[in-house]
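User: I'm new to this structure and would like a close look at one part of it. Could you walk me through it in plain words?
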Amino acid sequence: MKKKFWGILLSAALSLGVAACGQTKNEMDEQGGKKQEAQTAAEDSAAEEAQTPQSAAETDVYEAQLPDGEEEADIFVEPIKDLPENFIKGMDVSSVIAEEESGVKYYNEQGEEEDLFRVLADAGVNYIRVRVWNDPYDADGNGYGGGNCDVEKAAEIGARAAKYGMKLLVDFHYSDFWADPAKQFAPKAWADMALKEKGQALYTFTKESLQTILDAGADIGMAQIGNEINNGMSGEKNWANVTELLKQGSRAVREIASETGQEIQIAVHFTNIEDHDKTVSYAQTLEDAGLDYDIFGVSYYPYWHGTMDNMEAVLKDLKNSYGKETAILETSYCYTTEDGDGFANSVGEDELTEGYAASVQSQANCLRDLMAAASDASALGVFYWEGAWIPVGDSSAAEENEKRWETYGSGWASSYSASYDKDDAGQYYGGCSWDNQALFDFTGHPLPSLDVFKYVNYGASCEKKVDFVEETAAAVNIGEEIQLPTAVKVTYNDRSFNGTESVTWDETQIQAIDTKKEGEYTVNGKLEDGTEVSCQVTVANKNWLLNPGFEQNDISMWHVSHKGDANPTDIQEKETDAFSGANSFHFWSESAQEFQVEQTVTGLEAGTYKAAVHIQGGDVGADAGIYLYVIQNGKTISSAPVTLDGWCVWQTPELAKIKVAEGGELTVGVSVTCGAGGWGTIDDFSLIKVKE
């Protein structure tokens, strides 16, 4: 960015910059909309270096030397069969300029400092995505953060990408800051506009912004009109209004493409693809509105958006039913759970996806598997979100990091964003919560997982290595002998080797476990190859019920019956409504309810048992009947009815002294009868054998 070439490009981009509703930069400056001192200094320096613009098209375009067969590498990558040559292997690097201004440096695989865009090109990235906010600055010119992603920065990023042979996706949020399903604020300049006027402003902003970015030398291949617009866009929630704005954005893209001879595809962008029917309904809405667009884009984060099989099925349905191309416009996966900058991560140990660990190899495998699923669905490709967003300083230097986040906008939000988004960013501003999901380490060196982009066509091989060992746990009833598993499930870099491996546990640690009372212990062990593993041992009375807290996806062991056509129950993922964990069995209906949820256990040991459950809720009515029950040999035993007195006022009905013969069977459940509007959650059932 310090080279003369980039100074020329930045000068050209700034001279053609546009403001929030089509104003030129000079007009904005006359209204007091100044930028930060560091940026102004860069502009002045660029202006001194050159008087005439020079596009990237007038310079030599770098051509990366990519593999033409399988290679040896530090990671294992299974090749994707029949992957199209033009498959998009994209990355969003919207915050890179703010990162560099904060002192971040990037390196190549040889450990030498290098332009990020060359590093990405050498790794097989062929497309860059950049977000555009209208005016991410307060009245004094202080940036909101998140990269301070205005049009000028997009122009510079686009030009740098083009120099290294990468196309550009321009992601218009049509907001001054973050836009997602929870937040779709109109830009400040549009806040008081009627729909028609706002549409005209959006058209002008889109067209002039694309012209600015093209003039800087970018090779724009795609323009995204709106960002995760599930619940609206640019302050509009009514879909008739939203589609009118989308039409203005589409019109602007088509016109600028025609006028410049550039082939630019139009993408719309939604998230929450885990809901198949809802996602498809958005495509139907766009179809009914007659929107002119090319690509139905989605966000897919494996932590939050369901299985890859479901994602693939949704993309196939969209393409087959509506004839539109599809693409995954955002995804990521973590390589560690460590925090690099002292600001909490968005994803930690509790969010890991089944089949993948927080490791570099799992990050590579997850991205490879996602690209394979997208290819199988005939999607255009995948964009990794903010793969270069790393710490601006060590996690121990919190005070210095905060200064950089505030000054350069390299954190997810600055305190200045409070004037625009007071309820979220204005309260929780700070650093980068994404650094553990980057494809670079905390010091800017590329991780081996970055190379998955260039290896997926032909594959990469390496020495067989353990990626991770499935979490191992053992439960020991009080007073009984400890029995630890003799083998554990092992996942390798090459998943074809996956299986169980024998383990040797530390006998000294086993002997130190006191089985006379409840407690938690860790026992360490080793596989035959020396890989260290551990087992979490719980000494407590065994709960004979499966999935008692509804934390696992499989709830087939629970049987739900209800009266009426509508089932008033569901599994709710909301930690504040659960007795423990994140999930609970939730009920609510606008009409009267009557249902039972129960589980049958067979093969019980002879002895005496106690059943219990936790219930909370309210508005159930004076005549409600809510109780725990046990069915044994066709006979039902019920607890006294419980009264639900409000949110998180937990009631714990119990049934004790249940005698069971060897191999016996019990059904444990809860029955709820309540009035319209009654609500609550049921959590943590237990069926425990107790001493007589």
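How much space lies in the largest pocket?

Analyst: Happy to take you through it. Keep in mind that this is a predicted model. The largest pocket holds about 2,200 Å³ of space. Its lining is made up of 42 residues. If you want to find the middle of the pocket, look for Asp350, Glu351, Leu352, Thr353 and Glu354, which lie nearest its centre.

Next, the strands around it. Five of them are worth picking out on your screen, as each gives at least two residues to the lining of the largest pocket:
- β11, covering 466-469
- β12, covering 472-476
- β13, covering 487-492
- β16, covering 532-539
- β18, covering 569-573

As for the chemistry, the lining of the largest pocket is a mix: 16 of its residues are nonpolar, 14 are polar and 12 are charged.

While you're looking around, here is a pair of helices too. Helix α9 (residues 276-289) packs with helix α10 (residues 308-322) at an angle of about 25°, and their axes are 10 Å apart. Angles under 35 degrees count as roughly parallel, so that's how α9 and α10 run relative to each other. The crossing of α9 with α10 is right-handed. On the α9 side, the contact includes His276, Thr279 and Val280, while α10 brings residues including Asn310, Ala313 and Tyr322. Sorted by class, the contact of α9 with α10 has six nonpolar, four polar and two charged residues.

Definitions and conventions:
Residues numbered from 1 in each chain as written. Predicted model: local features only at pLDDT ≥ 70, side-chain atom pairs only at ≥ 80, totals over all residues. Heavy atoms only, no water. Axes fitted to C-alpha atoms, helices over the stretch in contact; angles between N-to-C directions. Helix = DSSP H or I, 4+ residues; strand = E, 2+ residues; numbered from the N terminus. Parallel < 35°, antiparallel > 145°, perpendicular 65-115°, else oblique. Left-handed = near helix turned anticlockwise from the far one by under 90°. Contact = heavy atoms within 4.5 Å. Nonpolar A, V, L, I, M, F, W, Y, C, P; charged D, E, K, R; others polar. 1 Å grid on protein atoms, 1.4 Å probe; cavity = no way out; pocket = protein on both sides within 12 Å on 5 of 7 lines; lining within 4 Å. Points joined across faces, edges and corners; volume = space filled by probe spheres on them.
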